[in-house]
Amino acid sequence: MNYLENRKYVIQGIFLLVGIIYIIRLFYIQVVDSSYKQAAETNAIKPIIQYPFRGLIYDRNGKLLVQNTPVYDLMVIPKDVKNLDTLRLAKLVNLPLEDVRDRLKKARAFSSVQPSPFYQKLSTQEFAYIQNNLIDFPGFHINARTARGYPHQSLAHALGYIAEISPRQLEDSTYKGYRPGDYIGKSGIELEYEKYLMGQRGVKYKMVNVRGVEKGSFRDGAFDTLAVAGENLVSTIDLDLQAYGEYLMNGAKGSIVAIEPATGEVLAYVSAPFYDPNLFTGKDYGKNYMELLQDSNKTMFNRPIMADQNPPGSVFKLTQALIALQEGVISPNTTFACNRSLVNCHNHPSPLNLYGAVQHSCNPWFYQAYRLLINQGKSKNTFTDTAIGLKEWREQVLSFGFGQQLGIDIPGEKKGIIASTDLYDRVYGKNRWKYSTIYSLSIGQGELGVTPLQMANFAAIIANRGYYVTPHIIRSIGDEGKPLKEYREKHYTSVDPKHFEPIVQGMAEVVRAGTGRRANLQKAGIEVCGKTSTAQNPQGPDHAVFLAFAPKDDPKIAIAVYVEHGKWGGQSAAPIAGLMIEKYLTDTVTIKEQEKWVLSRKYLDIRSK
Amino acid sequence: MEKVLGHKLASPTPRISSSRRSYGSILPHLDWLTILTYFVLVALGWMNIYAAVYSPDNVVNILSFDINSGKQLVWIGASLLLIMVLLVVDYKVYEHLAYPIYGFIILLLLVTLVVAKPIAGSRSWLDLGAGIRLQPAELAKFATALAASRFLGSINLRQQNFRDQMILAAITFIPPVIIVLQNETGSALVFAAFILAYFREGMSPLILIIGGAAAAIFILTLLVPQLYLIAGITVLMALATWLDYRLLRRFKTMIGLWIVVVGMIFSVDFFVNNVLQPHQQNRIKALINPEADPLGYGWNVTQSKIAIGSGGFWGKGFLEGTQTKFDFVPEQSTDFIFCTIGEEHGWVGSSILIALFLLLLVRIVNIAERQKSVFARTYGYCVASIIFFHFLVNIGMTIGLAPVVGIPLPFFSYGGSSLWSFTILLFILIAIDANRAKDLAR
């Protein structure tokens, strides 16, 4: 029997062996391998994002443009729903019975213990009504959050809108830190200044159980951070002027861009037709958006910065004159005959000097001046000479901000087109084109495309006699802040400031006694300088353009007005410019007959369309 | 008449008093080290049950009857009464009544099989009314241990015959068969532990070795690709045959053994995929590779390892765990209670708990060895074997070394049936041990 007693040690040995194996195994998973600790954190600690208030946007006079308004979502926690009267619920939220059942099913499929939205973006009336009845619906509650609100319905194109971040953006590393369901600026200022407006998210670390239900804060909130509200922005826009511009353009198509010349601040930014920005905040956002996107008037087209296919027309004669003066090929007293065999013109005195040519917009005059500018005899070969001339000319045109993005703080700006040697070489072949091929450029037609913003900026350049500050729509970030650095710099053109004076004189004549008389504000004591233009439009009636600034000395406003299919700048665009200038400078409108004329739209067939 | 009645009624009293007189109080003869270990384990278990159900957003007093810790306190209190009864009752009762108790429990198991309403697929709970439920499978452990010990004590161990071996096998395996029918495979597996006790009483070590080897091959088949495993075993066996000339003489036996092993390797795959029920398959698969599907069948193992692994060296501190609360670990106060220790008390706490169990197990073996009767010794070994098997499988499954088998950690896990069953098991031994001197006199 003795040998059996020894089996005691075998058995105790087995016990000890197992114990030691377990202790070693525990040492491995508890001390050596750290992956379990990380897994535990992702398991049980859930960061809950604290959404900051998005920054507000004010106009230059402190009027609120964009605010945050509370919206209410009806939420449901399926687990807590008891004795649900589906029929009554359907009546309460005004939905068909099946829809209610579908929504409940969807919520249940998502989670039975976590709240999910049952009915989003209740109106205030709906909210009040439902709130009063909610006591009979256990498991339902109201969740308040904020959405964007626009008290003045103006400036939709420039403000842009916010919406849920798209799946594509979420994959983009630029949007690191955003989560599905986050709202993000999608266009306009909301997009451009997203990083200032969004503020800083806070995080609260909550402990959650296996079903994601909160079980208190982690380490009593030692790692929590508070949300920091987004920066408020102050816009350069004058809301009254903006609203007046929209009033004038209501029913028409086109753009108005008004700039304070000395600072580059955009005073008005009208893209017509326009829409109420509040359309993009309610629960019908998707529907409204698609409707506007597909409508035949291209409402969503941000005309001031995107309409770059139109040649500038006669306004460009000013650019040509300035460059010709700079190059010394003409002087203010250079005269040319109105030789209609070169290019068509209309009735006016002839011959004219520079002032007269600007005032009467004489086509042959600029044909001849531009030929001097292009063909300066730098090469004996007329083809090469033209190419050299065009190349040098183009350099100077670009210094006016044409043919490139000006850099306004609204995303989506187009560059426009300025004729180049490359372009003609491509079309006609190298050394196979000369001045007679490109002469349309002299009067602002041909291979040219300019945005309304570039046009307004050009008005500001003339008003400033030779420089511009990049147009911008936000003047300060934060209530006391400054605009971004790039909006505090003066950009001089290649043309010496002294050459601007004759042009200004001519423009004053245009409004005093020329094609721009409808913009005349003499009665109000304001001397307006302007230039009419017609932008050729292959798709229909030409677009009417008027460019102006005022007062002539110490200008406070520079403006470009585009009226699509308005045919002649003097008829349809000039009065709008005049009205805007008077409104801005004096805060009243005395030229009531012009306002009546504009609103009558007699020059348009747009309404019959 | 009175005399007769009085005599009949009074007759047990003189026996007890006489034994008291001749032997004195039982208290000095109790094995206090074992009892102390028992109470330490029960108390630690109770605190960890509270930790497991503790929720920082809704703190409930540890004594509240709404939560498991409060209820466990009731079971603990009842256990104290049970202990007193077990120690006061004449120790000979256990041996004398071993068969009736065993028979009664078999009956109870059968009744349960018939009347029990399925709870989570298992027909093992007997509803006693008033919200009290009993799991007879738990009681079957000590009843079988008693009956088997009684049987071994009654035969001549030196002249083992086939009939005796069959009877012993029947005593051991009838309860687990009924328990398997109740769909409580985990509890049934515990009866395999009796092999350890029988080994001590003379069972051939071959059975232990073959059983161990079979288990090893089973696990290895799951973990190692078949081809490597067969190649490895072939090389090992060839090497052994070459080194030991005695094996060379048994060449045919070795070839036969090789065929058996290889056949087993192939049949394991078939067994796992075609014989086992899906939930059993999943538990086996979870053991092999829990990371393959951490939210599916590997959930229990993965979460349990995360909980224990996140405890680190010192642990997160009492009530500071995040994994064992919040329901990440399933069955957190019963079968997976070890996770709470692992998470909140770290490697140090886990090791101390394992050491406590080892202390208890080694001590029980020593107690068994000092018994004078075969019955008492065998019973002692049965107690050690059962506790060991629970310890082996329960902790093993929480750290990914054993398949998930739903059996509790002795004295520690929440639950009245389990606590009482282990209390009875242990304190019958302590009662018998306290009276062992009298056996000497007998």
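In chain B of this predicted model, B:Asn183 sits in the loop that runs between α8 (162–181) and α9 (185–189). Although B:Asn183 is not a glycine, its phi is positive, at about 70 degrees. B:Asn183 has 18 other C-beta atoms within 10 Å and is therefore partly exposed, given that burial would require 20 or more such atoms and exposure 12 or fewer.

A positive phi is also found in chain A, at A:Asp554, which is likewise not a glycine and has a value of about 55 degrees. The loop that holds A:Asp554 lies between two strands of chain A, β19 (543–550) and β20 (557–563). Because A:Asp554 has 9 C-beta neighbours inside 10 Å, this residue counts as exposed, the limit for that class being 12 or fewer.

The cis peptide bonds described here are set out in the table.

| Cis peptide bond | Omega |
|---|---|
| A:Ala272 to A:Pro273 | about 0 degrees |
| A:Ser350 to A:Pro351 | near -10 degrees |

Where do A:Pro273 and A:Pro351 lie in chain A? A:Pro273, which is joined to A:Ala272 by a cis peptide bond, belongs to the loop between β12 (265–272) and α12 (285–294) of chain A. A:Pro351, which follows A:Ser350 through a cis peptide bond, is placed in the loop between α14 (316–327) and α15 (354–360) of chain A.

Note on methods. Residues numbered from 1 in each chain as written. Chains lettered and ligands numbered in written order. Predicted model: local features only at pLDDT ≥ 70, side-chain atom pairs only at ≥ 80, totals over all residues. Helix = DSSP H or I, 4+ residues; strand = E, 2+ residues; numbered from the N terminus.
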